[in-house]
Amino acid sequence: MRQVGWGRALVTLWILFLAGVANAGELRGRLLFGERPAAGVTVSALPFEAPLEQARREARRLPLPPPLATVTTGTDGTFVLTVALDSGGKEKLFTVRFEGGGATPVSLDGVWDATETDDLGDHVLLPGSKLSGKVTDAAGKPVADADVALSTQPDRVEQAELEAAPRFTKTAADGTFHFDDA
């Protein structure tokens, strides 16, 4: 008798899982470094922020909102990003960001809804490199806990649909800072 109860529960859970997957948007694409696949790059669906909301968050030095979904590109540079629908039927808008895996972080121009399924095509990313430095005051003393912002110059982003995504860090006690994806 217990086995029948557990079996029904598992079937019910499986049906609910499949219903959730069916109610999700899916974005596909491929990332490259030149003509070479960009493996290991994180593709994130970030909640959409209106420009004023984004400016306020950045002015307050608050972090990005947590992603709605993330996926990592495979060895061939391809990805499938699945974003589940809001359970209340409310519109769920998001933007797409590519970062990590040796790439300079960029955002894909556009806003998507969790109901959309689309092929984003191929996108060529710029490889990142390490950058470090030291912040000092006028007397040459290290400045600890200083905010450091890094953004790619717009002319360095080779595709019009990709927008540089700024990165932020703080200096260490000795005034040093570093970025792995400059």
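These legends go with several close-up views of a predicted model.

**View 1. Arginine 57 and its salt-bridge network.**
Start in helix α2, which is where arginine 57 sits. Here Glu49, Arg57 and Glu58 are joined up in a network of salt bridges. The side chains of arginine 57 and glutamate 58 come together with N to O at 3.9 Å. On the other side of the network, the side chain of arginine 57 makes a polar contact with that of glutamate 49, at 2.8 Å. How exposed is each partner in the 57–58 pair? Arginine 57 has a relative accessible area of 11%, so it is buried, because anything under 20% gets that label. Glutamate 58 comes out at 31%, so this one is partly exposed. Leaving aside residues up to four places away in sequence, arginine 57 touches Glu49, Leu62, Pro63, Leu64 and Pro65.

**View 2. A salt bridge between distant parts of the chain.**
Next up are aspartate 147 and arginine 61, whose side chains meet in a salt bridge with N to O at 2.2 Å. This pair links parts of the chain that are 86 residues apart: aspartate 147 belongs to strand β10 (residues 147-150), while arginine 61 lies in the loop between α2 (51-59) and β4 (69-72). Aspartate 147 is partly exposed, at 41% relative accessible area. Arginine 61, at 57%, counts as exposed.

**View 3. Two residues with positive phi.**
Stay with arginine 61 for a moment and look at its backbone. Most residues other than glycine have a negative phi. Arginine 61 isn't a glycine, yet its phi is positive, near 60°. Aspartate 145 is another case: it is not a glycine either, and its phi is about 60°. Where do you find aspartate 145? Look in the loop between β9 (131-134) and β10. Aspartate 145 is exposed, with a relative accessible area of 53%.

**View 4. Glutamate 99 with arginine 97.**
Side chains of opposite charge can pair when their charged atoms come close. In this view, glutamate 99 forms a salt bridge with arginine 97, and their closest N and O atoms are 3.3 Å apart. Arginine 97 is buried, at just 7% relative accessible area. Glutamate 99, on the other hand, is partly exposed at 25%. The model's salt bridges come to eight.

**View 5. Aspartate 113, buried without a salt bridge.**
Now for a charged residue with no such partner. Aspartate 113 is in strand β7 (residues 103-113). What is the nearest side chain of opposite charge to aspartate 113? That would be lysine 92, but it is 9.2 Å away, and aspartate 113 is buried with no salt bridge. There are polar partners to look at, though. The side chain of aspartate 113 makes a polar contact with the side chain of threonine 115, at 2.8 Å. The backbone nitrogen of lysine 92 also lies 3.3 Å from a polar atom of the aspartate 113 side chain. Not counting residues up to four places away in sequence, aspartate 113 touches Glu91, Lys92, Leu93 and Phe94.

**View 6. Stacked rings of phenylalanine 94 and tryptophan 112.**
A pair of aromatic rings is described by the distance of the centres and the angle of the planes. The model has three aromatic pairs. In the one shown here, phenylalanine 94 and tryptophan 112 have ring centres 6.5 Å apart and planes at 25°, so they count as stacked. Phenylalanine 94 is in strand β6 (residues 93-100) and tryptophan 112 in β7, so the pair ties together parts 18 residues apart in sequence. Both phenylalanine 94 and tryptophan 112 are buried.

**View 7. Inside the largest nonpolar core.**
In soluble globular proteins, nonpolar side chains tend to be buried together. The largest nonpolar core of this model has 22 residues, and the ones that touch the most other members are Leu31, Leu81, Val96, Phe98 and Leu125. Two or more residues come from each of β1 (24-33), β3 (42-47), β5 (78-84), β6 and β7. Which element gives the largest share of this core? The answer is β7, with four residues. Zoom in on valine 96 to see its surroundings: leaving out residues up to four places away in sequence, valine 96 touches Leu27, Val43, Ser44, Val106, Ser107, Leu108 and Trp112.

Technical notes. Residues numbered from 1 in each chain as written. Predicted model: local features only at pLDDT ≥ 70, side-chain atom pairs only at ≥ 80, totals over all residues. Heavy atoms only, no water. Salt bridge = Lys/Arg side-chain N within 4 Å of Asp/Glu carboxyl O. Buried < 20%, exposed > 50% of the residue type's maximum accessible area, 1.4 Å probe, protein only. Lys, Arg positive; Asp, Glu negative; His and termini not counted. Polar contact = N/O pair within 3.5 Å; in protein donor to acceptor, adjacent residues only side chain to side chain. Contact = heavy atoms within 4.5 Å. Phe/Tyr/Trp six-rings, centres within 6.5 Å; stacked < 30°, edge-to-face > 60°. Core = buried A, V, L, I, M, F, W, Y, C linked by side-chain atoms within 4.5 Å.
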